[in-house]
Amino acid sequence: MIKKFKDTITFDDVLLEPQYSDITSRGEIDTSSELCEGLRFELPIISSPMDTITESHMASTMADLGGLGIIHRYNSVETQGALVSAAETGGRIVGAAIGISGDYLERAKYAVDHSGAKVLCIDVAHGHHAMMQRAIGNLKDEFGDYVCVIAGNVATLEGFNDLADWGADSIRVGIGGGSICSTRIQTGHGMPTLQSVLECSQSDRSATLIADGGIKTSGDIVKCLAAGADFVLLGSLLAGTQETPGKVFYNQGRQYKAYRGMASVEAQINWRGHAASVEGVSHVVPYKGTVEKTINELSRGIRSGLSYSGCRSIAELQTRARFIRQTPAGQFESSTHIKSRF
Ligand code: IMP
């Protein structure tokens, strides 16, 4: 049997064509984006619900910087609730992650009713699943439209539309692309993240789209937004900052922090005492200082990116942006190639 293969692209395969611009300052550019009806953020950036990325300190700082942080679910219901409602998060919009089995409903109720979470993120690796339909239904029965429900992850337009029809307000798009992810190696499944974003953005449903996994630079963020994402979810770009959980450690005089996949052996042993179906790795990254510095750099890159396409808003970028393919020679030219020549 001959199978047909679909041609797909990801970040480094494409560039955005520069277009006429009359923008005279980055200040004219509006980077705000709406996650759910009535819930708008100044920046289209969300910190990932991972135990080396988002607890109270990251979530409160992300809120102050105009984005959103989602507190991870790899802890007890009470511990997560305490992280959501900690003194430093007071009055800020914070998200909480939940699963689709076990204590997920109890976790959701505690995070919302007791701790004041305004956003719930149903955080599972393969979100296009019958159990997801039940979980979204139960959350909507419980909270109505009072809580913004993010669900995922999906890789395809069918997955996106199903989750939207089941009631998700916003959908995480991207399977297997995360920097600490080994899903594609382990299972042979996945889809290049930018391809998934391009396909899911064809949806006629009103759910918003969050691009997730493999985003390495502000240029990749701009490509996600141009492809139709309303937000990006970041892990590695925020890893190693001061506000991430965990201590700084020294190796040969240099400072590092840990960053690990939630399906890595190390993370699984930590939260449930044993490891099964390992689909992630644990790694160390250089310490980067405050997340404010990183977010400011990303924000400047996003604004410049919109300006190169002559656009003053994300919505404008989504309609006007023009992608082009680049060859391996083009990819080389796009890198800072002096480094490989001298
Ligand atoms: P990054 O921004 O490329 O580092 O990717 C972060 C994303 O990887 C997260 O937002 C999750 O969607 C995903 N992820 C987190 N942990 C794992 C894992 O252990 N295996 C596979 N994917 C993961």
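**Ligand surroundings and the position of Ile-45**

In this predicted model, a nitrogen atom of the ligand lies 3.0 Å from a backbone N or O atom of Met-262. Taken alone, the ligand exposes 500 Å², and 89% of that is buried by the protein. Oxygen atoms of the ligand also approach the protein backbone: one is 2.8 Å from a polar backbone atom of Gly-214, and a distance of 2.9 Å separates a ligand oxygen atom from a backbone N or O atom of Gly-235.

The ligand is surrounded by 22 residues. Among these, Ser-179, Asp-212, Tyr-259, Ala-263 and Glu-279 are the closest. By residue class, the shell around the ligand consists of twelve polar, seven nonpolar and three charged residues.

A second site examined was Ile-45. This residue belongs to strand 4, which covers residues 45-47. The relative accessible area of Ile-45 is 0%; because buried residues are those under 20%, Ile-45 is classed as buried. Leaving aside residues up to four places away in sequence, Ile-45 touches Met-62, Gly-67 and Leu-68. Further contacts of Ile-45 are with Phe-231, Val-232 and Leu-234, and with Ile-295, Leu-298 and Ile-302. Between Ile-45 and Arg-272, the separation is 227 residues in sequence and 29 Å in space, taken from C-alpha to C-alpha.

Technical notes
Residues numbered from 1 in each chain as written. Predicted model: local features only at pLDDT ≥ 70, side-chain atom pairs only at ≥ 80, totals over all residues. Heavy atoms only, no water. Near = heavy atom within 4 Å. Polar contact = N/O pair within 3.5 Å; in protein donor to acceptor, adjacent residues only side chain to side chain. Areas by Shrake-Rupley, 256 points an atom, 1.4 Å probe, with all protein chains shown as cover. Nonpolar A, V, L, I, M, F, W, Y, C, P; charged D, E, K, R; others polar. Helix = DSSP H or I, 4+ residues; strand = E, 2+ residues; numbered from the N terminus. Buried < 20%, exposed > 50% of the residue type's maximum accessible area, 1.4 Å probe, protein only. Contact = heavy atoms within 4.5 Å.
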